[in-house]
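Work through the exercises below with the structure open. Try each task before reading its solution.

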Amino acid sequence: MNTVPPLDLGQQYKLIQDEVSACVQAILASGRYIGGSIIEAFEQEFGQYIGVRETIACNSGTDALFLALRALNIGPGDEVITTPFTFIATAEMISAVGATPVFVDIEAQTFNLDIEKIPNAITERTKAIIPVHLFGQPVDMTRLMAIATSYHLAVIEDCAQATGATWQGQKVGSIGHIGCFSFFPTKNLGACGDGGAVTTQDSALAQKMRMIKEHGQSSRYRSETIGMNSRLDALQAGILQIKLRYLDRWNQQRQRVAQRYHQFLYSLPEIITPQEIVGGESVWNQYTIRVQSVSNPLNSDLKPRDHLRNYLQAQGIGSMIYYPIPLHQQPVYQDLGYQPHQLPVVEAVCQEVLSLPLFPELSSDQQDQVIEAIQEGLTQTLPL
Ligand SMILES: *Cc1c(COP(=O)(O)O)cnc(C)c1O
């Protein structure tokens with residue numbers, strides 16, 4: 001039986017192996033492993049790609065969020081509105097700077113923040129909103145920026161899963177005050193290790209973030225503020241520079257895979273397929289369906305999603321659950337006094353979501369295998 005992995009980074013490496021090897025060899029031979037012209041070149045090229053004046057490379061998407069919050073002077077006593085349906089880092093960094101994340105429910109159709117519900121969550125302590133362009137799908141930034149502007153709030157875009165996605169023709173990360181990117185290997189632009197970046201049009205914010213990421217130094221050995229060490233190293237910058245040139249092609253391949261899933265799955269009554277919103281172009285970091293029912297559940301205690309996931313697994317098809325627990329129900333936020341059962345949409349969605357194999361190199365044969373297995377899994381009992 002051929003198996004279909006949820007993701008296969010080795011295939012992508014084969015395509016760029018020669019370029020990457022040459023680049024890595026040259027950096028190793030240069031003796032310059034931290035800082036230097038390769039970092040500056042990558043920052044410039046990435047900024048050009050996103051459409052911003054300033055890019056600051058750093059060590060991870062998590063650090064990017066931390067730098068953004070610090071640069072905006074967000075700290076104890078402040079509230080930051082964000083989504084409960086994201087990777088923990090988004091809320092975690094709000095808490096790490098001493099502020100309080102305020103979770104607003106999501107829209108089931110887009111998995112993104114329900115923008116209409118934001119105004120109700122704004123208090124006099126609210127300083128910022130962090131929209132997350134989840135799974136590659138852009139948030140409606142026009143409506144979000146209108147609310148932020150009228151309440152004088154900063155907007156930090158979490159673009160970790162959406163490098164290259166656009167809202168009304170503009171790349172995400174160029175619309176809010178600061179954009180935060182992750183180059184974790186599984187993201188659309190992934191390094192061979194950890195990496196991240198912040199983007200902004202504001203040179204004062206950029207200067208602050210540059211300072212904070214290098215021990216608060218305004219010049220060598222002169223520290224103005226408490227900072228940290230968050231650098232992108234030269235090897236990762238070199239590899240990212242190469243991969244950036246392929247990013248549009250890879251994103252287009254992801255879009256083709258997503259369209260094909262849509263074509264074969266959207267009419268199945270048991271599931272809901274994800275769809276792009278008008279004005280947005282997703283880069284499909286994940287293709288996430290909602291499984292609402294199955295015809296022949298073997299075990300009625302099992303959620304339909306888990307029944308399908310087990311069926312797919314038995315057929316050698318990998319799938320993932322992003323995310324099983326909404327952030328307001330995470331143990332850490334329970335300990336911090338967050339009440340459960342108050343965000344009904346995200347709580348329901350977490351029981352239904354299943355992310356299917358999606359990567360640029362996924363072949364149509366592999367995809368057919370996934371589609372057939374889903375069609376069977378929704379109507380048959382487990383073949384075990
Ligand atoms: C991956 C991710 C992050 C964190 O990025 P790292 O580079 O892993 O630190 C933050 N937010 C979201 C939405 C992510 O998917």
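**Exercise 1.** How far apart do the C-alpha centres of domain 1 and domain 2 lie?

*Solution.* Note at the start that this model is predicted. Begin with the bounds: the domain assignment gives domain 1 as residues 9–242 and domain 2 as residues 247–377. The C-alpha centres of these two domains lie 25 Å apart. Then look at the contacts between the domains: 45 residues of domain 1 are in contact with 38 residues of domain 2.

**Exercise 2.** Describe the surroundings of the ligand, from the nearest residues to the whole shell.

*Solution.*

Step 1. There are 14 residues around the ligand, and those that come nearest are G61, T62, Q161, S182 and K187.

Step 2. Look for polar atoms facing oxygen atoms of the ligand. For G61, a polar backbone atom is 2.8 Å from a ligand oxygen. For S182, an N or O atom of the side chain is 2.6 Å from a ligand oxygen. For K187, a polar side-chain atom lies 2.9 Å from a ligand oxygen.

Step 3. Consider how much of the ligand is covered. On its own, the ligand has 380 Å² of accessible area, and the protein covers 93% of this.

Step 4. Ask which elements supply the shell. Helices α3 (61–71) and α4 (89–96) are the elements that give two or more residues to the shell.

Step 5. Sort the shell by residue type: four residues are nonpolar, eight are polar and two are charged.

**Exercise 3.** Is E43 buried or exposed? Find its partners as well.

*Solution.*

Step 1. Locate E43 in helix α2, which spans residues 37–50.

Step 2. The relative accessibility of E43 is 9%. Buried means under 20%, so E43 counts as buried.

Step 3. List the contacts beyond four places in sequence: E43 is in contact with T55, I56, A57, R210 and K213.

Step 4. Take one of these partners, A57. The backbone nitrogen of A57 lies 2.8 Å from a polar side-chain atom of E43.

**Exercise 4.** Where does I317 lie, and which residues does I317 touch?

*Solution.*

Step 1. I317 is in the loop between α10 (304–314) and α11 (331–335).

Step 2. With a relative accessible area of 3%, I317 is buried.

Step 3. Leaving out residues up to four places away in sequence, I317 touches V4, L312, P357, Q369, V370 and A373.

Step 4. Compare sequence and space for V370. I317 and V370 are 53 residues apart along the chain, while their C-alpha atoms are separated by 6.7 Å.

How values were computed
Residues numbered from 1 in each chain as written. Predicted model: local features only at pLDDT ≥ 70, side-chain atom pairs only at ≥ 80, totals over all residues. Heavy atoms only, no water. Near = heavy atom within 4 Å. Polar contact = N/O pair within 3.5 Å; in protein donor to acceptor, adjacent residues only side chain to side chain. Areas by Shrake-Rupley, 256 points an atom, 1.4 Å probe, with all protein chains shown as cover. Helix = DSSP H or I, 4+ residues; strand = E, 2+ residues; numbered from the N terminus. Nonpolar A, V, L, I, M, F, W, Y, C, P; charged D, E, K, R; others polar. Buried < 20%, exposed > 50% of the residue type's maximum accessible area, 1.4 Å probe, protein only. Contact = heavy atoms within 4.5 Å. Domains from an automatic or database assignment.
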